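Visitor: Could you walk me through a model and show me how to read its features?
Guide: Gladly; let us look at it together.

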Amino acid sequence: MTEASTISSRLALMRERIRDVALSAGRDPAAIQLLPVSKTFGEAAIREAVAAGVRRLGENKAQEIRSKYEPLSDCGIDWVMIGHLQTNKAKDIARMASEIQSLDRMDLAIALDRRLQQEGRGMDALVQVKTSIEPSKYGLPPEELPGFLRRVARETPSLRIRGLMTLAINAPDRDAVRACFRTLRELRDRVRQEGIDNIELERLSMGMSGDFEIAIEEGSTEVRIGTAIFGGRIYGDAYYWPEDQVRGQTPNGV
Ligand SMILES: *Cc1c(COP(=O)(O)O)cnc(C)c1O
């Protein structure tokens with residue numbers, strides 16, 4: 001089997017698995033989107049995914065979106081920012097990304113809004129919420145969400161908040177993982193009941209290759225899948241979650 005057919009067959013398999021889990025959970029499979037995550041993978045792999053019907057791709061570093069944007073501009077890809085974003089990179093994301101799922105603080109919202117106004121466009125955004133007790137994960141503390149949403153609605157009109165995103169705890173304890181997803185859904189339900197003007201929170205981005213089944217059972221509307229589609233990454237998540245501060249390495253083919 002070639003590398004190429006591997007990606008398209010893994011995509012097909014993943015779509016099937018999402019469908020099966022949704023049906024077993026009594027949910028409509030059409031209510032769950034698949035966001036393939038192409039971080040560390042280069043042009044050839046991404047073109048293969050595009051050939052298999054992918055039009056939206058998640059990346060977790062602004063630099064990586066910037067390096068892929070031009071070479072793949074003929075593919076019509078919507079780049080989705082899912083990783084920690086430094087305020088000084090807001091400009092690249094405002095220009096090149098279709099959406100951000102890792103909005104986690106007001107100074108970033110303000111920087112993005114300013115750049116988006118310069119670009120003359122708006123952008124869909126999900127608020128990343130910290131649902132795990134792990135010290136290394138980014139995200140807004142849940143108790144700060146209502147106040148944050150009110151400020152965004154008032155002060156940064158270029159950002160259209162569509163929902164919430166989270167990363168579950170990275171641990172073998174399935175109950176602990178489930179608790180993270182449940183926290184996000186219940187938080188969404190509470191804030192919805194409170195009602196914040198112009199904010200619906202219809203989307204919940206949660207679930208990755210190792211935990212998407214649990215996320216779907218807990219109400220995910222979008223799973224972000226890297227490894228199960230593109231294969232293993234040369235460098236582990238220690239490289240890709242920037243708080244680990246590993247520098248000077250080059251990801252696969254980028
Ligand atoms: C890498 C990444 C994913 C996908 O992870 P896999 O385990 O490879 O499926 C999802 N979300 C975020 C924020 C990521 O950085």
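**Around the ligand**

Guide: A polar side-chain atom of Arg233 lies 2.8 Å from an oxygen atom of the ligand. This is a predicted model, where local features need pLDDT of at least 70, side-chain atom pairs count only at pLDDT 80 or more, and totals for chains, interfaces and linings use all residues. Residues are numbered from 1 along each chain as its sequence is written, and side-chain values use heavy atoms, with hydrogens and water left out.

Visitor: How much of the ligand's accessible area does the protein cover?
Guide: Accessible areas come from the Shrake-Rupley method with a 1.4 Å probe; for residues, only the protein chains shown count as cover. On its own the ligand has 380 Å² of accessible area, and the protein covers 96% of that.

Visitor: Which residues come nearest to the ligand?
Guide: A residue is near a molecule or strand if one of its heavy atoms lies within 4 Å of it. Of the 13 residues around this ligand, Lys39, Ser209, Gly226, Thr227 and Arg233 come nearest. An N or O atom in the Thr227 side chain is 2.6 Å from a ligand oxygen atom, while Gly226 has a polar backbone atom 2.8 Å from an oxygen atom of the ligand.

Visitor: Is Asp104 buried or exposed?
Guide: Buried means under 20% relative accessible area, exposed over 50%, and partly exposed in between (1.4 Å probe, protein chains only). Asp104 has a relative accessible area of 9%, so Asp104 is buried.

Visitor: What joins the side chains of Asp104 and Arg105?
Guide: A polar contact is a pair of N or O atoms within 3.5 Å; within protein, one must be able to donate a hydrogen and the other to accept it, and residues adjacent in sequence count only if both atoms are side-chain atoms. The side chains of Asp104 and Arg105 are joined by such a contact, of 2.9 Å.

Visitor: Where are the buried residues of helix H2?
Guide: Helices (H or I, at least four residues) and strands (E, at least two) are DSSP runs, numbered from the N terminus. In H2 (residues 43-51), the buried residues are Ala45, Ile46, Ala49 and Val50. They lie on the same side of H2, because their arc around the axis is only 140 degrees; that arc is taken from the directions from the helix axis to the C-beta atoms. Ala44 and Ala51, on the other side of H2, are exposed.
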